[in-house]
Every structure is written in structure tokens, then in C-alpha cells.
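Subject: Structure for you to look through

Dear colleague,

I am handing over the structure below, and after it I have set out what was found. Please keep it open beside this email as you read.

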Amino acid sequence: MVLAYQQLRIDGYGDSGRIDMADGIAIRGSESPPQSSAPRESYRAGVRAVLPLLPAVAAFGVSFGVLAQSAGMGAAASMTMSATTFAGSAQFAIVSVLGAGGTVAAAIGAAVLLNARYGPMGLAAADVFRGGPLRRLLEAQLLVDESWALSNRDGRFDRRVMLGAGAGLYVGWNAGTAVGVLAGDGLADPATLGLDAAFPALFLALLAPLLHSRAARSAALLGAGVALALTPITPAGVPVIAATAACLVGLVPARGEACEGAARADVERAERGAPPSARRLGRWASPEEGSA
Amino acid sequence: MGVAGGGVGVSAAWAAVLVVGLATIAIKAAGPVLAAGRAPPESSGRVMHLLAPALLAALVATQAFASDESLVLDERGAGLLAGGVAVLLRAPLLVVVVVAAATAAGLRAIG
């Protein structure tokens, strides 16, 4: 794992990071960026981005439907849950708690804990959403792990990719649930097809390009470490929520100064006519910048 | 998982549907609605910037190595390793996902 991160780090210095940075500078450079032609195809770009995942998402929707049926939740309740809650891990938690004879309160508590991560995620992506409160509330329902991660552009979010990807996921999840509820058992278990391994690999693929600063690598390592450390001792959902606190390493100044943070600060300084920070120039010239 | 005698009471299921549905809708909408039209303060920029790496790494870790409330090393870990190699080779997302799933499925078929 450490080796992987090291290699990704080197990898991450490739062109994608540079392009993102140039975008950030371009937008900050002029107060009114020339956003003339936001192409309509971008919603489709979001759908396209999510296509590789749809088989896995739909298969898990099917398996949720099957499990919910066999736990006796009833067809209407199962499908309503997929349409309104639209969050796989929380829904599986409810089914497994209820199916094992647990109380409704325990099922609800587990599910709400699992979904608590959408609080900070929604806050981070808040400026993606438009219009009045109702429209924002409805659009925000398309925010799930995958649409959030796919639309993440180095800390900012692409509105159309998020909504397009979210819509694709919504259709896949609900169609899968309906199939599972109606067709019942006798369908392949997603685990047999290895589909449960698809999701961590997906998130790793989306994580890798973000690791081009030391601060990002610290946050990632800390986030993974916190999540793993808490898994055996806290209820499901808590580890991931606690891991989001790892982003607070962004408040730690100095030593591990993030490249893009320093670059942005320099751009802002340059706009005010000040010279770039000496620290960054020093870092740039320093050969041992990976050591901490 | 089969539950004798019809399983969960229907009202229990609907209670979970209603409460969790409303809670989830509210949680997802809280940021987008309450922070509407407000640019995040500049000081929070770096913290928000690092939310994605922290959260994604936590999702990778828990989805590959957590099973309920214990840590396990199973076929998902092997799938993640294979997917990680594909990531290093800059394979497209579809390839990464398929490699990981195929690895896990293959090991389960053998085992």
C-alpha cells in the first residue's frame, strides 16, 4: 500500500495536475472568466463517465431488491427506499439489520450514520447547485459517492458531470432494485462476479490523480488510516465520517505546503504585484522535496 | 437471510423507508441549500480541497478491507491490488474496474 502511494505520487506529477492548475489560474486570473460556451454535451459526458460503473451499480440494485424481498420488506417499500434514499451501503445496512431480527431503531441509526458523509460532501460541492431551495434540494439527491468523485475537479465540482452521472446511477440503481424485487432469487450474486471489488478499485482510480501534492497524500494516508483503525471499534459509517477530518491537515501550514496551495497564493500575490513566495521557489529548486 | 413467517413487519419496513429517506434527503440537501450562493470562505479552500483525497482513501480502505465491523483480507483486496496496477499503467476507468472485478471473481471461482 505504501509502495503504491509512493508510485502514484510520482505518477501524479504528470500532465493532469498541471492542467488542473492552469485552469485554476486562468479562472482566478480574470474576474469574469469567458464561460461563453458551456456545452450541453457535458450532461452526456457525465452519463458517459458513469457508464463503466452501471453494470455493477445495477447488479447491486438487483441484489438489494432480492435481499429486501427475502427479508420481507415488501416490494413497494423496497422500491420506494431505492427511489428516496438512493444510497447503497445504507440500504444494505437496513436490510441486514432488519433481516437479522434487529430493531427498526438500530436499522435507522446504522443507515443515517452511513449517510452522514453526504453532509460534508454536499457542503464541498454546494456551489455546483443552482436555483431556489427546492431545485437545489432535488438536484442534491443525485449526489452519491460515485457522482461526487467523478465530477471532482481538484476540489471543485463539475455541475453537469455530477448531475449526468448521478442521473445515470439513479436509473441503474432503481431499475436494478425493481428487477431484484420482481424477479427475486435465482439471479447471480454480484460477489460471484467480483463486482464488490469494482468499487474500491473505482475510488482508487479517482483518488490517484488527486495525489499530486504532499498535503493531498497526507490527507489520503491519514483518511485511510483513520478509517481502518476505527473499523473494528465503531459502528459502520463512523470510520468514513471520522476520516473526513483528515482534510484538516490542510490547516497545517508550513512544512508540507501543498504545491497548488502555494501556486494559488502566488497567483493572488502576483495579481497584487508582489513577488512569489520565497518558500515555493526554494521548494521548487530543492531536490529532496519528497522527504518529510 | 430468509426469514420465516413473512419476516419484517411491513410497518417496520415503512418506518425505515420514511425516516431514513427523509434524513438522507435532508443530509444531502443541507450543504447545497444552506450554503446557496455563498462562495466558501477562502480559508476553507485548502480544507475542502483535501476532503476528496481523505474521503476517497477512506472509501477505498473500507470497501476493500472492512466487513461489517471487522477488518478482513479477502478477494476484494486482491481485486484492489490488480486494479491499482491498472491505475499505475494509466488504464481507462472501465479497464480498472473490470480488472479488479475479474481478479476477485477469478479467485472466488478457484477458491
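Before anything is counted, one definition is needed: the rings of Phe, Tyr and Trp (for Trp, its six-membered ring) are taken as a pair if their centres lie within 6.5 Å, and a pair whose planes are over 60 degrees apart is called edge-to-face. With that in hand, the structure, which is a predicted model, holds 7 aromatic pairs over all chains. One of them is formed by A:F60 and A:F92, whose centres are 6.2 Å apart and whose planes stand at 90°, which makes the pair edge-to-face. This pair links distant parts of the chain, since A:F60 belongs to helix 4 (residues 54-70) of chain A and A:F92 to helix 6 (residues 88-99) of chain A, 32 residues apart. Ring pairs also link A:F60 and A:F92 with A:F64, A:W173 and A:F199 into a cluster.

Is A:F60 buried or exposed? Its relative accessible area is 17%, and because buried means under 20%, A:F60 counts as buried.

How confident is the predictor in chain A? The mean pLDDT of chain A is 76, and 71% of its residues reach 70 or more. There are, however, two stretches to read with care: pLDDT stays under 50 over residues 1-37 of chain A, for which the model has 40 contacts beyond four places in sequence, and pLDDT also stays under 50 over residues 254-292 of chain A, for which the model has 47 such contacts.

Two helices of chain A

Helix 4 of chain A, which carries A:F60, has 17 residues and reaches 24 Å from its first C-alpha to its last, close to the 24 Å expected at 1.5 Å a residue. Of those 17 residues 12 are buried, so helix 4 of chain A is largely enclosed by the rest of the structure. Among the buried residues are A:F60 and A:F64, together with others including A:L54, A:V57, A:V62 and A:V66. Helix 4 of chain A is followed by A:G72, whose phi is positive, near 80°.

Helix 11 (residues 159-183) of chain A has 25 residues, which at 1.5 Å a residue should span 36 Å, and its end C-alpha atoms are indeed 36 Å apart. Helix 11 of chain A is mostly covered, with 18 of its 25 residues buried. At its start, a side-chain oxygen of A:D158 reaches to within 3.0 Å of the backbone nitrogen of A:R160, while after helix 11 of chain A comes A:G184, whose phi is positive, near 65°.

Where the two chains meet

Which charged ends sit over the ring of A:Y118? The charged end of A:R117 sits over this ring, 4.5 Å from its centre, and the charged end of B:K28, from the other chain, sits over the ring of A:Y118 at 5.1 Å from its centre.

A:T244 lies in the loop between helix 14 (238-243) and helix 15 (259-271) of chain A, and at 10% relative accessibility A:T244 counts as buried. A polar atom of the side chain of A:T244 lies 2.5 Å from the backbone oxygen of A:I241. Leaving aside its neighbours within four places in sequence, A:T244 is in contact with A:P120, B:L51 and B:L55.

A:P232 is found in the loop between helix 13 (214-230) and helix 14 of chain A; with a relative accessible area of 41%, A:P232 is partly exposed. Not counting residues up to four places away in sequence, A:P232 touches B:E69 and B:L71.

Chain B

Chain B has 4 helices and 2 strands, which follow the pattern α-α-β-β-α-α when read along the sequence. Of its 111 residues, 44% count as buried, and among contacts in chain B between residues at least 6 apart in sequence, 25% join residues at least 24 apart.

Two residues of chain B may be worth finding on your screen. B:D68 has a phi near 50°, a positive value in a residue other than glycine; B:D68 is placed in the loop between strand 1 (66-67) and strand 2 (70-71) of chain B, and at 70% relative accessibility B:D68 counts as exposed. B:R90 has a positive phi near 60°, again in a residue other than glycine, and B:R90 is placed in the loop between helix 3 (75-88) and helix 4 (93-110) of chain B.

With best wishes

Conventions. Residues are numbered from 1 along each chain as its sequence is written. Chains are lettered from A and ligands numbered from 1 in the order in which they are written. Side-chain values use heavy atoms; hydrogens and water are left out. Rings of Phe, Tyr and Trp (its six-membered ring) pair if their centres lie within 6.5 Å; planes under 30 degrees apart count as stacked, over 60 as edge-to-face and the rest as tilted. Buried means under 20% relative accessible area, exposed over 50%, partly exposed in between (1.4 Å probe, protein chains only). A charge sits over a ring if NZ of Lys or CZ of Arg is within 6 Å of the ring centre and within 35 degrees of the ring normal. pLDDT is the predictor's confidence in each residue, from 0 to 100. Contact means heavy atoms within 4.5 Å. The expected span of a helix is 1.5 Å times one less than its number of residues. A polar contact is a pair of N or O atoms within 3.5 Å; within protein, one must be able to donate a hydrogen and the other to accept it, and residues adjacent in sequence count only if both atoms are side-chain atoms.
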